[in-house]
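Let's take a friendly walk through a structure, one part at a time. Have the sequence and the 3D view at hand as you read.

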Number of protein chains: 2
Amino acid sequence: MKVFLKAVKEHFSNQQIFLFFVSEHLLTFIMLSNRQKQIIEESINIIHIHGIQGFTIKNLSEALGLSEAAIYRHFKSKTEIICTLLDSFIEILTDFIQLIKENEFSPLEKIKTIFEKLSLIFSNKPAYVSVIFAEEIFKNDKLLSVKVNKILKKNNETFNSIIKEGQNNNEITKSVSNQELTLMTMGAFRLMVKNWKMNNFSFDLKKSSEKLYYSIETLIKTKDN
Amino acid sequence: MKVFLKAVKEHFSNQQIFLFFVSEHLLTFIMLSNRQKQIIEESINIIHIHGIQGFTIKNLSEALGLSEAAIYRHFKSKTEIICTLLDSFIEILTDFIQLIKENEFSPLEKIKTIFEKLSLIFSNKPAYVSVIFAEEIFKNDKLLSVKVNKILKKNNETFNSIIKEGQNNNEITKSVSNQELTLMTMGAFRLMVKNWKMNNFSFDLKKSSEKLYYSIETLIKTKDN
DNA sequence: AGGTCATTAGTTAATACTAACTAACTACAA
DNA sequence: TTGTAGTTAGTTAGTATTAACTAATGACCT
């Protein structure tokens with residue numbers, strides 16, 4: 001995967017690479033059979049619609065038009081399904097962050113890009129929101145909750161380092177420490193997405209996201225004298 | 001309750017009234033028997049520690065040192081327990097918000113007060129965080145998810161109106177619209193609490209909360225010329 | 001004696017998962 | 001080209017366990 005991505009980067013622009021992540025099938029790169037991908041996608045859908053309590057092997061198999069036993073041909077347990085699901089998110093996120101960090105944008109441009117791309121992904125697949133933004137739902141299993149916390153922590157660190165970079169090169173205000181700026185930037189984005197979900201995805205997330213970015217920029221960008 | 005609160009307000013300062021809410025037993029005012037209160041408190045604890053998946057009648061009764069059947073003497077169903085739990089939160093929150101709105105503080109002072117009081121409540125009873133901040137967890141039941149969304153919406157509206165008030169009287173910047181300021185203020189607070197939880201409540205929430213408030217103030221307070 | 005609060009011992013339905021089996025395909029030697 | 005062996009992906013019909021919930025009963029206090 002890492003090697004492949006490197007090869008991809010040599011032939012395409014950053015903009016084009018982003019399209020890989022945003023494309024209809026987010027799980028393209030993971031080493032899974034078609035049936036496994038289908039099971040994962042359907043699992044995300046079920047969690048999205050019915051919550052974890054509604055995520056049962058019976059519901060899953062019915063949604064796929066298979067018998068319950070058939071699921072176990074492709075995953076050895078329910079936990080393995082959730083694990084795979086989370087791992088694929090972690091992997092995609094890791095590469096996404098890597099791409100953002102490495103490119104030549106300024107820190108504010110990076111934040112803008114993150115807002116743009118994430119709101120695009122969520123607009124295309126609202127079901128992902130339910131899984132990524134619900135840190136509580138896999139609390140049952142220690143292994144799973146660790147994985148979910150990892151996602152949150154990773155995002156935190158990414159914003160933190162981007163903002164620190166911005167403060168160092170005088171693009172972002174130093175009147176407030178980077179930890180608090182991270183809370184405000186990331187927290188605002190998360191709450192916006194949560195509100196969007198609560199309103200049944202009825203408003204245009206991409207537009208709201210853009211508006212939010214410019215508001216944040218207004219407040220945290222260093223003023224020219 | 002409303003009448004009672006009004007009577008209380010005539011005899012005590014705002015500061016003292018807050019202590020009612022912050023006191024050990026948040027559920028004091030709700031019309032519940034002692035056993036019922038105990039069941040609700042224990043339910044919150046279980047959800048806090050084991051998640052909703054671990055919130056079963058068996059676990060609950062064991063934690064209380066009762067038989068499973070005994071629970072049904074006090075609540076007619078599991079759903080009724082959760083309903084009561086959420087209703088008590090909604091009631092407390094409603095009165096809390098009312099108190100904030102009515103007092104003579106300036107908008108920024110109001111926000112500061114909310115940060116202070118909420119971080120105090122959560123510090124005393126971290127279990128409450130898991131319930132209030134986990135909008136996903138009761139998704140199973142339509143009635144319950146409506147209740148939880150109501151809490152989020154109410155908080156949203158409160159911040160919105162406080163910030164609008166601040167913009168009208170020139171205490172808060174108008175360079176950014178109040179909806180975005182709400183996202184940043186409330187979103188930052190929520191994310192801080194979530195991080196606190198993720199770090200096993202190990203840092204001092206009250207201190208972090210104070211620091212966050214002053215950071216927000218720095219960014220959104222109208223500059224004197 | 002009656003009300004309150006608990007118990008024990010169940011029920012029913014749902015859960016994750018398994019055993020035993022099979023149709024359809026694939027690889028490849030005769 | 002065809003017979004054979006093995007694989008893949010599915011089936012039906014179960015298992016043990018656990019969930020929420022209930023009926024019948026007992027103990028204690030006033």
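This report looks at a predicted model, starting with the DNA and then turning to the protein chains.

## Around DNA strand C

Begin with DNA strand C, which has 18 residues around it. The closest ones are A:Lys78, B:Arg35, B:Ser67, B:Arg73 and B:His74, so you will find both chain letters in that list. Helix 4 (57–64) and helix 5 (68–74) of chain A, together with helix 5 (68–74) of chain B, each supply at least two residues of the surface near this strand. That surface divides into seven nonpolar, five polar and six charged residues.

Which parts of DNA strand C do the atoms within 4 Å of the protein belong to? Sugar or phosphate accounts for 49% of them, and the rest belong to bases. You can look up examples of each kind. The side chain of A:Glu68 has an N or O atom 3.4 Å from a base nitrogen of DNA strand C. Phosphate oxygens are approached as well: one is 2.9 Å from an N or O atom in the side chain of A:Tyr72, and one is 2.7 Å from an N or O atom in the side chain of B:His74.

## Around DNA strand D

Now move to DNA strand D, which has 16 residues around it. Those that come nearest are A:Arg35, A:Ser67, A:Arg73, A:His74 and B:Lys78. Of the atoms of DNA strand D that come within 4 Å of the protein, sugar and phosphate account for 50%. A phosphate oxygen of this strand is 2.3 Å from an N or O atom in the side chain of A:Ser67, and a polar side-chain atom of A:His74 lies 2.7 Å from a phosphate oxygen. On the base side, an N or O atom in the side chain of B:Glu68 is 3.3 Å from a base nitrogen of DNA strand D.

The elements that give two or more residues to the surface near DNA strand D are helix 5 of chain A, together with helix 4 (57–64) and helix 5 of chain B. Which of them gives the most? Helix 5 of chain A does, with four residues. By class, the surface near this strand has seven nonpolar, four polar and five charged residues.

## Where the two chains meet

Next, look at the place where the protein chains touch. Here 45 residues of chain B are in contact with 46 residues of chain A. The area buried between the two chains is about 3800 Å², and carbon and sulfur atoms give 64% of it. Between chain B and chain A there are also eight salt bridges, and eight residue pairs are in polar contact.

On the chain B side, helix 3 (34–50), helix 9 (142–168), helix 10 (178–198) and helix 11 (205–220) each supply at least two residues that touch chain A. Helix 10 of chain B gives the most, with 15 residues. By class, the side of chain B that touches chain A has 19 nonpolar, 17 polar and nine charged residues.

## Salt bridges between and within chains

Side chains of opposite charge can pair when their charged atoms come close. Over all chains, the structure holds 22 salt bridges. A:Glu136 takes part in a salt bridge with B:Lys197, with the closest N and O atoms 2.4 Å apart. A:Glu136 also forms a salt bridge with B:Lys194, at 3.8 Å. This second pair crosses from the loop between helix 8 and helix 9 (142–168) of chain A to helix 10 of chain B, and both A:Glu136 and B:Lys194 are buried.

B:Glu136 and A:Lys194 meet in a salt bridge too, 3.7 Å from N to O. B:Glu136 lies in the loop between helix 8 (127–132) and helix 9 of chain B, while A:Lys194 lies in helix 10 (residues 178–198) of chain A, so this pair joins two chains. Both B:Glu136 and A:Lys194 are buried. Salt bridges that share partners join A:Glu135, A:Glu136, A:Arg190, B:Lys194 and B:Lys197 into one network.

## A buried serine

For a last stop, find B:Ser130 in helix 8 of chain B. Is B:Ser130 buried or exposed? With a relative accessible area of 3%, B:Ser130 is buried. Its side chain makes a polar contact with the side chain of B:His48, at 2.9 Å. Leaving aside neighbours within four places in sequence, B:Ser130 is in contact with B:His48, B:Ile137 and B:Lys197.

Definitions and conventions. Residues are numbered from 1 along each chain as its sequence is written. Chains are lettered from A and ligands numbered from 1 in the order in which they are written. This is a predicted model: local features need pLDDT of at least 70, side-chain atom pairs count only at pLDDT 80 or more; totals for chains, interfaces and linings use all residues. Side-chain values use heavy atoms; hydrogens and water are left out. A residue is near a molecule or strand if one of its heavy atoms lies within 4 Å of it. A polar contact is a pair of N or O atoms within 3.5 Å; within protein, one must be able to donate a hydrogen and the other to accept it, and residues adjacent in sequence count only if both atoms are side-chain atoms. Ala, Val, Leu, Ile, Met, Phe, Trp, Tyr, Cys and Pro count as nonpolar, Asp, Glu, Lys and Arg as charged, and the others, Gly among them, as polar. Contact means heavy atoms within 4.5 Å. Buried area is the accessible area (1.4 Å probe) that two parts lose on being put together, summed over both. A salt bridge is a side-chain nitrogen of Lys or Arg within 4 Å of a carboxyl oxygen of Asp or Glu. Buried means under 20% relative accessible area, exposed over 50%, partly exposed in between (1.4 Å probe, protein chains only).
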